[in-house]
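The following note sets out points for the record on the model shown below. Each point may be read against the sequence and the coordinates.

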Amino acid sequence: MAPHTEQLTRPAVQLRGLTRSFEGRTVLDGIDLDLPAGQFTALLGHSGSGKSTLLRAIAGLDHKVVGSGQLTAPEKVSVVFQDSRLLPWRRVLDNVLLGLDGKEAEQKGRAALAEVGLAGRERAWPSELSGGEAQRAALARSLVREPELLLADEPFGALDALTRIKMHALLRELWRRHQPSVLLVTHDVDEAIVLAERVLVLDAGGVALDLAIEGDAPARGEYREQLLAALGVTEGVG
Amino acid sequence: MTTATTTAPPVQAQEQSHPVLRRRRGLSPGRRLPASRLIGPALLLALWAAAAAAGQLDPGAIPAPWTVLRTAGRLWSAGTLPTDILTSLERAAYGFTTGLAAGVVLALAAGLSRVGEALIDGTVNLNRAIPTLGLIPLFILWLGIGETFKIAIIAIVVYVPIYLNTHSALSGIDSRYVELAEVQGLSRFRFIRQIVVPGALPGFFVGLRLGVTGSWLGLVVLEQINATSGLGYMMFQAQNYGQSDVILVGLLVYGIFGLVSDSAVRLIERRVLSWRRTLSS
């Protein structure tokens with residue numbers, strides 16, 4: 001019944017035997033994975049488990065990495081990084097429009113900024129934004145290209161807890177409205193459960209757990225235990 | 001919010017039984033004095049004028065400020081000072097422009113291509129290791145004692161700091177921005193125009209300011225030892241005739257040149273790098 005098992009549409013991302021290694025150490029070991037179009041997937045794992053390597057492979061950013069396997073990904077891919085990565089010498093709107101031009105693009109850029117709650121800050125410099133606002137601008141920059149696949153590499157990792165909660169709601173809302181496939185890399189189990197429809201745990205170069213998240217709050221505690229167990233984390237009795 | 005140090009609380013407050021909240025000793029230097037940069041020079045000038053008026057200075061060695069101004073006025077109306085100033089300005093301008101163009105072009109070539117880097121970077125650093133003023137005798141032999149060799153020497157003095165700072169800024173572009181450009185699908189041309197060049201501008205301006213200072217330094221040296229015209233020549237002649245007031249006029253003009261050009265570069269820098277103002281203010 002889980003959404004990812006009934007593949008009505010062509011998968012947005014298809015990995016077959018994806019292998020990547022750094023200096024002789026195999027980080028990804030023959031991963032087979034389908035990400036259906038429009039699905040919100042979270043990718044959990046310890047640091048060094050290859051989460052970012054997998055994301056960078058899908059984004060096509062691993063030029064100098066040794067690897068093999070097949071990878072199919074959509075044409076329009078946007079990436080949100082842990083840092084907002086706004087260019088300090090361009091105003092917020094110009095940052096959102098990086099790589100695009102024309103009047104039409106500008107209107108889309110303004111609309112995207114309004115959507116993430118930054119209307120009126122178009123002419124601000126990135127250094128004038130708070131951490132949360134900068135990350136909103138980065139989201140607008142990825143949205144304006146109408147991506148079929150949105151890759152997010154711990155996008156909220158550097159934000160404070162309250163800002164993070166707001167950003168979770170915003171990301172859910174944007175995903176619901178624009179329906180891209182989302183792959184969110186995170187080390188935060190609760191974030192994964194709150195946001196995603198499906199949570200993958202990456203361990204020892206492969207997918208150790210593939211969990212569909214359904215239902216409401218009551219079931220979430222179980223998911224949490226299951227995911228923490230897969231990550232090898234045991235919580236002490238409080 | 002205030003950075004100014006606060007005085008100790010009144011004595012009465014300490015005598016009361018409840019604990020007194022003492023503020024920490026402020027360690028920042030405090031509020032900036034108005035027009036603080038001008039205070040030191042103005043004081044020095046006042047001291048000079050006072051000593052001259054009191055007859056404490058040998059007028060042959062250090063003439064009074066008003067004597068210097070009067071001499072400047074006399075030389076100006078006689079027409080020699082404007083001619084000398086123009087000659088000097090022309091040399092500095094030609095040398096500076098040539099050096100600026102060479103520095104920027106070489107830095108771009110070395111910073112944007114591996115072949116360029118292999119050919120240029122080592123060569124420029126070799127050039128840098130040779131004191132440029134030591135090249136003067138050789139350049140006179142090659143180019144004659146006319147204007148060309150002077151402009152060439154000034155250009156070399158100028159291009160080295162501009163090249164070095166621009167090149168290091170270019171090669172220091174954050175790799176995260178390179179990654180961003182790849183994700184956003186920027187073409188190579190756009191990548192250079194929208195990320196590399198603006199990212200390297202702060203370094204370029206550091207080089208530019210050093211280059212401007214260098215052009216005046218080169219000019220002074222060249223005009224004092226190898227000139228037949230210009231401000232330095234005027235000062236050299238004055239030395240022969242023991243006219244210390246004329247020498248001071250020359251120094252005054254050099255000082256004004258330096259001050260004005262440095263302020264101009266700073267003004268341009270503030271305009272172009274306006275995105276940085278939010279950080280420094």
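1. The model under review is predicted. A suitable place to begin is β6(A), where A:Leu149, A:Leu151 and A:Asp153 point one way, A:Leu150 and A:Ala152 point the other way, and all of these residues are buried. Strand β6 of chain A covers residues 149-153, and because five of its five residues are buried, the strand is largely enclosed by the rest of the structure.

2. The pairing of β6(A) deserves mention next. Strand β5 of chain A, residues 77-80, is joined to β6(A) by four bridges, and the two run parallel. Within this pairing, A:Val77 has A:Leu149 in β6(A) as its bridge partner. Five bridges connect β6(A) with strand β7 of chain A, residues 181-185, again in a parallel arrangement. Here A:Leu150 has A:Val182 in β7(A) as its bridge partner. From β6(A) the chain passes through α5(A) to reach β7(A), and the resulting β-α-β crossover is right-handed.

3. An antiparallel pairing is found earlier in chain A, where eight bridges join strand β1 (residues 11-22) to strand β2 (residues 25-36). One of the pairs places A:Gln14 opposite its bridge partner A:Asp34 in β2(A). The two strands form a hairpin with two residues between them, and A:Glu23, in the turn, has a positive phi of about 45°.

4. How is chain A divided into domains? The assignment gives domain 1 as 35-65 + 149-231 and domain 2 as 86-146. Taken over C-alpha atoms, the centres of domain 1 and domain 2 of chain A are separated by 24 Å. The contact between them involves ten residues of domain 1 of chain A and seven residues of domain 2 of chain A. On the side of domain 1 that touches domain 2, helix α5 of chain A (residues 161-178) gives the most, with six residues. By class, that side of domain 1 of chain A has seven nonpolar, two polar and one charged residues.

5. The contact between the chains draws twelve residues from chain A and 16 residues from chain B. On the side of chain A that touches chain B, eight residues are nonpolar, two are polar and two are charged.

6. Which secondary structure elements does chain B contain? Chain B has twelve helices and zero strands, and its pattern along the sequence is accordingly written α-α-α-α-α-α-α-α-α-α-α-α.

7. The overall dimensions of chain B should be stated alongside its fold pattern. Its radius of gyration is 26 Å, whereas a compact globule of 281 residues would have a value near 19 Å. Along the principal axes, the C-alpha trace of chain B spans about 85 × 70 × 30 Å. Buried residues make up 28% of the 281 residues in chain B. Of the contacts in chain B with a separation of 6 or more, 70% are between residues 24 or more positions apart.

8. A last point concerns a single loop residue of chain B. B:Leu33 lies in the loop between α1 (11-15) and α2 (36-53) of chain B. Is B:Leu33 buried or exposed? B:Leu33 counts as exposed because it has 9 C-beta neighbours inside 10 Å, and the cut-off for this class is 12 or fewer. B:Leu33 and B:Thr80 are 47 residues apart along the chain, and their C-alpha atoms are separated by 41 Å.

Key. Residues numbered from 1 in each chain as written. Chains lettered and ligands numbered in written order. Predicted model: local features only at pLDDT ≥ 70, side-chain atom pairs only at ≥ 80, totals over all residues. Contact = placed C-beta atoms within 7 Å. Nonpolar A, V, L, I, M, F, W, Y, C, P; charged D, E, K, R; others polar. Domains from an automatic or database assignment. Buried ≥ 20, exposed ≤ 12 C-beta atoms within 10 Å, placed from the backbone. Pairing = 2+ DSSP bridges. Right-handed = clockwise from strand over helix to strand, strands pointing away. Rg over C-alpha atoms; globule rule 2.2 N^0.38 Å.
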